[in-house]
Protein chains: 2
Amino acid sequence: MAARTTLKDVARAAGVSQMTVSRVVRGDTVVSLRTREHVARVIGNMGYVPNKLAGSLAQAYSNQVAVLIPSLVNNVFASVLAGITEELEKGGYNPVVGVTEYDLRKEEAQLISMMSWRPAAVILANLVHTDRTRSILENTSVPVVEIMDIRGDPIDLGVGLDHEAAAAALADYLMDRGYQRFGYLGWQANDFAAAARFRAFRARLETRGYGLVAPDVYDAPPDLPAGKKGLEMLLSVAPKTEAVAYSNDTAAMGGVNLCLELGMRIPDDLAIAGFSGLRMAQCLPQPLTTIRTRRRDIGETAARNILKRLSGTPVDRKVDLGFELIKGLSA
Amino acid sequence: MAARTTLKDVARAAGVSQMTVSRVVRGDTVVSLRTREHVARVIGNMGYVPNKLAGSLAQAYSNQVAVLIPSLVNNVFASVLAGITEELEKGGYNPVVGVTEYDLRKEEAQLISMMSWRPAAVILANLVHTDRTRSILENTSVPVVEIMDIRGDPIDLGVGLDHEAAAAALADYLMDRGYQRFGYLGWQANDFAAAARFRAFRARLETRGYGLVAPDVYDAPPDLPAGKKGLEMLLSVAPKTEAVAYSNDTAAMGGVNLCLELGMRIPDDLAIAGFSGLRMAQCLPQPLTTIRTRRRDIGETAARNILKRLSGTPVDRKVDLGFELIKGLSA
DNA sequence: TTGTAAGCGTTATCAC
DNA sequence: GTGATAACGCTTACAA
């Protein structure tokens with residue numbers, strides 16, 4: 001495409017004005033059918049591609065939606081993003097993805113960078129941000145959706161679940177099952193939702209007179225090998241642990257694996273619980289006891305609410321998609 | 001941000017021209033230190049955010065790189081994307097991600113949409129595209145990198161591995177181990193790299209007088225449950241199968257799981273092999289026999305080559321990152 | 001139904 | 001060093 005063909009080129013070739021071509025491109029029906037067809041043909045021949053840079057500049061807004069998520073490798077956010085993408089496309093919007101790596105500074109930097117593209121809306125995770133980030137979001141005129149955790153007050157819109165309630169429900173379930181010596185293995189110290197779960201889990205144990213024998217939180221990606229290694233270390237410190245709660249299903253699968261290798265019986269020798277409700281973890285010989293969250297739904301709902309808001313439809317300020325305790329065979 | 005502050009506003013407030021402010025924003029050192037500091041202060045106070053729409057329009061190119069990948073949920077592409085993102089950021093570029101769902105029509109639509117944002121470069125998967133897609137890519141003046149499979153001729157740049165060679169290597173290994181009755185379980189009929197592996201695997205068996213007892217290819221996401229179910233069906237058709245090659249590690253883990261449940265010994269009753277070399281699959285009680293690919297590296301290299309090309313440095317047209325046979329305990 | 005003119009907020013270019 | 005001016009390619013508002 002040596003010299004890009006522009007509206008002007010098409011207009012000249014079609015013998016009409018730029019505006020008429022512009023109208024045809026955008027499907028404006030005020031243009032007579034005759035000219036519309038004529039221009040459309042010329043456009044096809046010339047391989048004209050509209051320049052949205054110019055279009056959005058003229059319109060003050062783009063059809064891009066800024067999406068800031070902590071991690072792409074984490075299956076949870078991959079699902080959320082899939083939901084966002086699918087739903088956004090229905091409205092003709094495209095997600096522009098930024099990865100924050102659970103780092104609020106990076107979130108801020110990414111947001112600033114994205115705002116300069118004049119997105120039509122912003123989606124980001126959790127309710128905790130830097131002051132600068134908050135200030136930008138509070139002052140923007142475009143819709144902002146904070147997803148995942150909804151305990152607290154969203155800046156504009158919120159979609160997710162109550163992570164503390166979820167963790168408490170799991171703690172209750174485990175205590176009801178009769179376990180007494182609990183361990184906790186968490187990852188990604190900057191994952192605020194996970195941190196909230198950890199605190200709530202521990203607090204719930206304490207309200208009923210129990211406590212954590214050995215809590216450990218690592219600042220690393222919560223993958224299967226990590227879950228294995230974490231449990232190894234925990235057991236070396238507190239070998240009498242009866243039940244271990246993981247911050248994450250994938251890591252919990254690592255724990256299951258270690259037990260298999262050491263010949264420990266689950267849940268008799270050690271009970272294991274996860275968080276997320278990944279399909280994968282339900283395929284273990286003993287399906288994992290865990291909390292199922294509606295990840296994809298969170299993404300879809302966030303996107304849908306943006307579309308609603310952009311079209312002027314009233315939207316619920318906060319949407320709680322809830323969670324579900326999966327009573328597996330691992331605890 | 002009721003009325004956005006623009007370059008003009010800042011200029012007025014600082015008592016200089018727009019151009020001077022523009023220079024300061026971009027870190028142009030021709031501006032005297034005095035004015036630079038002064039203007040920087042004013043910018044800070046006013047909370048000015050540059051409008052890249054306008055900037056890129058004026059410059060004819062943006063700092064966005066279009067990235068078209070088949071799937072986000074698939075861990076392989078999540079890693080590739082992570083590599084791309086990290087490396088691109090070093091050069092001040094941002095990825096704009098489009099998901100094609102292994103559908104060439106969607107790839108085409110996404111590409112057209114992205115080209116209208118005047119990206120600085122394009123990254124997409126595989127060498128197979130629609131005619132229209134090819135034509136757009138052949139005619140663009142920006143760098144284009146086709147990743148994953150490199151057997152064949154890239155339009156511009158290519159980074160990946162030879163999937164057929166990898167599949168053949170795996171077939172050889174399995175035959176050398178003495179297996180004779182092979183099954184194959186693949187997913188995502190439109191995944192061209194996977195399809196190439198399937199053909200190559202079968203072809204290699206045939207050159208040595210073997211063949212597939214039961215090949216099955218499903219058009220669904222290759223997750224763990226799918227791998228389990230696929231194997232169930234395969235064994236019901238061909239119970240005497242000795243070794244099953246999976247198109248994908250995650251699905252292979254499903255197969256391992258089924259064996260555990262059925263009490264089948266691996267690899268004595270059934271040998272299982274995967275593809276990708278996910279860390280997760282190496283944490284099974286019996287590490288999976290598989291082919292390790294350098295996913296993250298592919299992303300990094302693709303991005304690095306774009307940066308090189310954009311800065312005028314010569315670049316290898318095709319980069320083969322190779323693969324590695326992991327001799328696990330599952331086959 | 002179609003066209004004209006004036007921006008949108010930057011940057012390149014060339015004076016000063 | 002700094003500034004005026006003309007693009008960049010489109011859309012809005014209004015005129016014909």
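**View 1. Chain A of this predicted model, seen as a whole.** Buried residues account for 57% of the 331 residues of chain A. Its C-alpha trace extends over about 85 × 40 × 30 Å along the principal axes. The radius of gyration of chain A is 25 Å, whereas a compact globule of 331 residues would come out near 20 Å. If you like to count elements as you go, look for 12 helices and 12 strands in chain A.

**View 2. Contacts and surface of chain A.** Take the contacts in chain A between residues at least 6 apart in sequence: 67% of them link residues at least 24 apart. Turning to the outside, chain A exposes about 13600 Å², and 50% of that area comes from carbon and sulfur atoms.

**View 3. The protein surface near DNA strand C.** Which residues come nearest to DNA strand C? Of the 25 residues around the strand, they are Thr20(A), Arg23(A), Met19(B), Ser22(B) and Tyr48(B). On the DNA side, sugar and phosphate make up 67% of the atoms of DNA strand C that come within 4 Å of the protein. By residue class, the surface near DNA strand C holds 12 nonpolar, 10 polar and 3 charged residues.

**View 4. Backbone atoms that meet DNA strand C.** Start at Ser32(A), where a backbone N or O atom lies 2.9 Å from a phosphate oxygen of DNA strand C. In chain B, a polar backbone atom of Asn51(B) is 3.4 Å from a phosphate oxygen of the strand. Ala54(B) meets a base instead: one of its polar backbone atoms is 3.3 Å from a base nitrogen of DNA strand C. The elements giving two or more residues to this surface are helix H2 (18–25) and helix H4 (52–59) of chain A, along with helix H2 (18–25) and helix H4 (52–59) of chain B.

Key
Residues are numbered from 1 along each chain as its sequence is written. Chains are lettered from A and ligands numbered from 1 in the order in which they are written. This is a predicted model: local features need pLDDT of at least 70, side-chain atom pairs count only at pLDDT 80 or more; totals for chains, interfaces and linings use all residues. Side-chain values use heavy atoms; hydrogens and water are left out. A residue is near a molecule or strand if one of its heavy atoms lies within 4 Å of it. A polar contact is a pair of N or O atoms within 3.5 Å; within protein, one must be able to donate a hydrogen and the other to accept it, and residues adjacent in sequence count only if both atoms are side-chain atoms. Helices (H or I, at least four residues) and strands (E, at least two) are DSSP runs, numbered from the N terminus. Ala, Val, Leu, Ile, Met, Phe, Trp, Tyr, Cys and Pro count as nonpolar, Asp, Glu, Lys and Arg as charged, and the others, Gly among them, as polar. The radius of gyration is taken over C-alpha atoms; the globule rule is 2.2 Å times the number of residues to the power 0.38. Buried means under 20% relative accessible area, exposed over 50%, partly exposed in between (1.4 Å probe, protein chains only). Contact means heavy atoms within 4.5 Å. Accessible areas come from the Shrake-Rupley method with a 1.4 Å probe; for residues, only the protein chains shown count as cover.
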